[in-house]
Amino acid sequence: DDERLSRELLRMDGDSYGRYKSLRGDWDFGDFTLTVQRVQADPFAPPSRILVALPDAGIPKDAWADPVRRRATADFLGRRAGRLLRRSLLRIDTGGQEVLERSSCRVTEGGGLELRIGIDLPGRGRRIDGRAAEREFCDTLPGVVDDLYWEAVDRDAARAFADSVADTVALRSALAERGLVAFVADGAVLPRRSGISDEPMAEGAVPFSSPDSLRVSVDLPHRGTVTGMGVPEGVVLIVGGGFHGKSTLLHALERGVYDHVPGDGRELVVTRADAVKIRAEEGRRVERVDVGSFVRNLPTGADTADFRTDNASGSTSQAANICEALEAGSRTLLVDEDSTATNLMIRDERMQALVHGDREPLVPFVDLVRPLYRDHGVSTVLVMGGSGDYFDVADHVVMMDAYHPHDVGERARELARERTDAVFTAPRARLVDPRSVDPSDARGRSRIKRRDMDVLVFGDDDVDVRSVEQFVDPGQIIGAGLALRALDLRDRTLAEALDALEAELAEHGVTRLGADFGGDYALPRRQEVAALLNRLRSLRVLGQRW
Ligand code: ADP
Ligand code: MG
């Protein structure tokens, strides 16, 4: 078939661009099959899509039998493919600093490989450039496939890559039994190159060093024993002067739910997999969320246990974000003063003296953060440089001083005051109307598209995801859209629907989401799938359940 394709492409040279459509279907190249899945209508449309299936790439069982190593090996090979294809018209999605399960490169049972690739089919104006196309399909592509066979790969590097990811996963799964919500290894490099680059800071980065009192060591399968700062469950406060590295530490914890590539500096910075960054998000929509623990009597008289608004304030949006995170199953909250609503975080005595009783509907987080942990097992890591109120409720206080953490818990306890906790009641579960979560357009076709890292188009809805900070990869945003489409919300709570989807994806892999989808995507966490659903303007909740 490869010769047939070659002849076909050369014959098409100079024909009108639309004739590329005739390439659709399978082409047998002997050791691999090329499937032309989608053909662009013109040279300016989104790239055409091909699938390359190589049933036996010689990948040994130890690299694919375990799901973690399989994901890592696929990521390694995808990055290799990306480098090999750099000067071609073929494009493969290789991701950034995280090692995510993605659709573009999959290692299959038995040691095979599947590549999902985009190609800008070459044209001269609106005519087919058959010779250029022939070069890509019949020369470049087979050459790259040859270089992805296990025997052609730097196997030591591939193993080291998978070992590193396996260690990260082992470290993260060691957190719970040790009563930790996060771990930051000594020597880790947390700061990034710039606000727009996720690569490690190149020069002058101060490596992480744990304070004695919080230092723990963990034995890892490949690296052996590592030491670092264990962030305990409970309420942990990160304080320090401005520009001393507080937010940088918290950002690293936010990203610690994902695995990082070797050399990133955060390979051994891990956070519980369910951790959610909480922030204020003025203007977002909220659909029947039980924010009753945070918001009591509103001036409008609205029922805050069944709260709905098309335009949330800073404080109510943050309260909704917390309650929704709990509903999606999170028991670890990450909060940075830089992105919170002050009136939801603190209330000092003088303000209480002036605005009291029924005139203040908000119960500040400082009064709820302890009951959240004590009664519901929800831990909080909070960056707060601007107010000492949280000394009263913190189990641990870490001060960042010129990028070095110090345990200042004792001193903070001396400064603490008595405080009466409020009561936190677990938010009610919601039953979502499945018809309100529908990506079909007017013609009944599923419409899931992304605009940068800002917007996911889901059917008629433009969902603003800029504040969903743990979307770290464009592919995850699309993946979350596809997951939302796959979510079976009938006759069950949102949490139950997320459980079922998560189990299905663990069993069948990410490509379960997009058999019909012509683009790249990566596996989202359930927390981000829920975050997307919660931001749909079309979302309708049918009822709540205790
Ligand atoms: P804060 O939140 O305490 O005000 P940031 O975390 O925003 O401080 O950090 C301030 C600056 O210091 C940032 O430009 C960041 O990149 C840099 N920085 C943070 N941690 C380190 C470090 N370990 N080594 C070098 N520079 C750092
Ligand atoms: Mg900061």
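This report walks through some spaces, helices and single residues of the structure shown above. The model is a predicted one.

## The second largest pocket

A good place to begin is the second largest pocket, which holds about 1400 Å³ of space. Its lining is made up of 47 residues, and those closest to the centre are Pro67, Arg71, Glu101, Ala506 and Leu523. Five elements each supply at least two residues of this lining: the helices α3 (67-84), α5 (155-173), α13 (494-508) and α14 (526-534), together with β5 (105-108). Which of them gives the most? That is α3, with eight residues. In character, the lining of this pocket divides into 21 nonpolar, 17 charged and nine polar residues.

## The largest cavity

Rolling a probe the size of a water molecule over the atoms shows where empty space is left. In the whole structure, a search finds three cavities of 30 Å³ or more. The largest cavity has a volume of about 200 Å³. Around it stand 19 lining residues, and nearest its centre lie Val276, Lys277, Gln527, Ala531 and Arg535. Two or more lining residues come from each of β16 (276-278), α7 (314-327) and α14. The largest share, five residues, belongs to α14. Here the lining divides into seven nonpolar, five polar and seven charged residues.

## Two helices to look at

You have now met α14 at the second largest pocket and at the largest cavity. How much of α14 is buried? The helix is mostly covered, with nine of its nine residues buried. They include charged names such as Arg526 and Glu528, as well as Val529, Ala530, Leu532 and Leu533.

The helix α5 has 19 residues and reaches 27 Å from its first C-alpha to its last, close to the 27 Å expected at 1.5 Å a residue. At its start, a side-chain oxygen of aspartate 154 comes to within 3.3 Å of the backbone nitrogen of aspartate 156. Further along, the buried residues of α5 are Ala158, Phe161, Ala162, Ser164, Val165, Ala166, Asp167, Thr168, Leu171 and Arg172. An α-helix has 3.6 residues a turn, so residues three or four places apart point the same way. What covers the buried residues of α5? The cover includes α3, β9 (180-185), β12 (215-220) and β15 (269-271).

## Five residues, from buried to exposed

The table sets out five residues of the model by where they sit and how accessible they are.

| Residue | Location | Relative accessibility | Class |
|---|---|---|---|
| Valine 383 | strand β20 (379-383) | 1% | buried |
| Arginine 192 | strand β10 (192-194) | 14% | buried |
| Aspartate 454 | loop between β24 (448-451) and β25 (455-458) | 32% | partly exposed |
| Aspartate 452 | loop between β24 and β25 | 56% | exposed |
| Phenylalanine 243 | loop between β14 (235-239) and α6 (246-255) | 78% | exposed |

Valine 383 counts as buried because its relative accessible area is 1%, while buried means under 20%. Leaving out residues up to four places away in sequence, valine 383 touches Ile238, Lys246, Leu250, Val335, Asp336 and Glu337. Methionine 399 is 16 residues from valine 383 along the chain, and their C-alpha atoms are separated by 9.8 Å.

Arginine 192 is also buried, at 14%. A polar atom of its side chain lies 2.8 Å from the backbone oxygen of aspartate 198. Beyond its neighbours within four places in sequence, arginine 192 is in contact with a run of residues that includes Ser197, Asp198, Glu199, Pro200 and Met201. Its contacts also include Gln97, Asp264, Gly265 and Arg266.

In the loop between β24 and β25, two aspartates are worth a look. Aspartate 454 is partly exposed because its relative accessibility of 32% falls between the 20% and 50% limits. Leaving aside residues up to four places away in sequence, aspartate 454 touches Val463, Asp464, Val465 and Arg466. Serine 467 is 13 residues from aspartate 454 in sequence, with 8.6 Å between their C-alpha atoms. Aspartate 452 is exposed, and has a positive phi of about 50 degrees although it is not a glycine.

What is the phi of phenylalanine 243? This residue has a positive phi of about 75 degrees, although it is not a glycine. Phenylalanine 243 is exposed, at 78% relative accessibility.

Terms used: Residues are numbered from 1 along each chain as its sequence is written. Chains are lettered from A and ligands numbered from 1 in the order in which they are written. This is a predicted model: local features need pLDDT of at least 70, side-chain atom pairs count only at pLDDT 80 or more; totals for chains, interfaces and linings use all residues. Side-chain values use heavy atoms; hydrogens and water are left out. Helices (H or I, at least four residues) and strands (E, at least two) are DSSP runs, numbered from the N terminus. Buried means under 20% relative accessible area, exposed over 50%, partly exposed in between (1.4 Å probe, protein chains only). Contact means heavy atoms within 4.5 Å. On a 1 Å grid over the protein atoms alone, a cavity is a set of points where a 1.4 Å probe fits but cannot get out, and a pocket is an open set with protein on both sides within 12 Å along at least five of seven lines; lining residues have an atom within 4 Å of a point. Grid points are joined across faces, edges and corners, and a volume is the space filled by probe spheres set on the points. The expected span of a helix is 1.5 Å times one less than its number of residues. A polar contact is a pair of N or O atoms within 3.5 Å; within protein, one must be able to donate a hydrogen and the other to accept it, and residues adjacent in sequence count only if both atoms are side-chain atoms.
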